[in-house]
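Welcome to a quick tour of a protein model. Please have a look at the sequence and the structure before reading on.

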Amino acid sequence: MFNSSIILKETITQEDYEHIHALEKICTEIDETALKLELDYKMGVAAEQGANCLNSIEKISSFMYFEGDQLIGYLGVDSFGGPSADLEVNGMVHPNYRRRGIYNRLSGLMMDEWRRRNSGNLLLLSDRKSEAGQAFVQKMGATFKHAEYEMYLNQKKLTPEQIKTVIAASGIKLRKATNADAKEVAMQNAIYFGKAASENEADWIMPETEEKRSMTIFMVEREGIAIGKIHLQLNGGTGGIYGLGVLPE
């Protein structure tokens, strides 16, 4: 390592996106694992905040390790749900540059950032098939919290007409959430994801702000009453569903 550098950023540029995505492609193909880097969400945040945030490091979310002009290590931090929300961490190192302390260096900087923010818990995300990822989790002394699964919709199962018929019979309607729904969203998140709902508006997710970051929140209603919610993210023709829940009753 003769020409290495570390770059810390609050937001990422299109060039950063391409560097990270290229490294992700190499790592996932060789390791046959999945990574949850939320790059499109990061780009949405950057677009919303504008040019003024490009040089800001008030809240570092991207830790990049370069050898010359090549990105060989990356660690990303994401937070969904306000200043006190948990921080989600996921990252990777180029297969040709592993066992050189690169991820340890980046994770040390990330830990400093976590302590500085005084945020909630630190969630380390790792594919269960990733030997390096699982070893890092154990080294950090973390305890298992929950598993997530990536699912893909088989659109051949139902025709659009059949879907409309099912929805019409249920009496369920979707409407786009506004900032006026922020408290309801916070309350439902607390029920679905096992966290206490904050009464502080600064901790709430603001739907209109999230929409600027390509994430649209819909309230699920029946007979005019909100009975659930769902988050939809659209990027490059691909849709992702998140934060889905229906009230227990």
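Here is a short briefing on the overall fold and on one pocket.

Keep in mind that this is a predicted model. The protein chain holds seven helices and nine strands. The pocket covered here is the second largest, with a volume of about 810 Å³.

**Overall build**
- A compact globule of 249 residues would have a radius of gyration near 18 Å, and the 20 Å found for the protein chain agrees with that.
- The C-alpha trace of the protein chain spans about 65 × 45 × 40 Å along its principal axes.

**Packing and surface**
- Of the 249 residues in the protein chain, 39% are buried.
- Among contacts with a separation of 6 or more, 63% join residues that are 24 or more positions apart.
- The protein chain exposes about 15,500 Å², and 53% of this area is supplied by carbon and sulfur atoms.

**The second largest pocket**
- Its lining consists of 30 residues, and those nearest the pocket centre are Arg98, Glu131, Ala132, Gly133 and Phe136.
- Two or more lining residues are given by each of these elements: α1 (14-31), β4 (87-93), α3 (102-117) and α4 (131-139).
- Which element gives the largest share of the lining? That is α4, with seven residues.
- By residue type, the lining of the second largest pocket is a mix of 14 nonpolar, eight polar and eight charged residues.

Key. Residues are numbered from 1 along each chain as its sequence is written. This is a predicted model: local features need pLDDT of at least 70, side-chain atom pairs count only at pLDDT 80 or more; totals for chains, interfaces and linings use all residues. Side-chain values use heavy atoms; hydrogens and water are left out. On a 1 Å grid over the protein atoms alone, a cavity is a set of points where a 1.4 Å probe fits but cannot get out, and a pocket is an open set with protein on both sides within 12 Å along at least five of seven lines; lining residues have an atom within 4 Å of a point. Grid points are joined across faces, edges and corners, and a volume is the space filled by probe spheres set on the points. Helices (H or I, at least four residues) and strands (E, at least two) are DSSP runs, numbered from the N terminus. Ala, Val, Leu, Ile, Met, Phe, Trp, Tyr, Cys and Pro count as nonpolar, Asp, Glu, Lys and Arg as charged, and the others, Gly among them, as polar. The radius of gyration is taken over C-alpha atoms; the globule rule is 2.2 Å times the number of residues to the power 0.38. Buried means under 20% relative accessible area, exposed over 50%, partly exposed in between (1.4 Å probe, protein chains only). Contact means heavy atoms within 4.5 Å. Accessible areas come from the Shrake-Rupley method with a 1.4 Å probe; for residues, only the protein chains shown count as cover.
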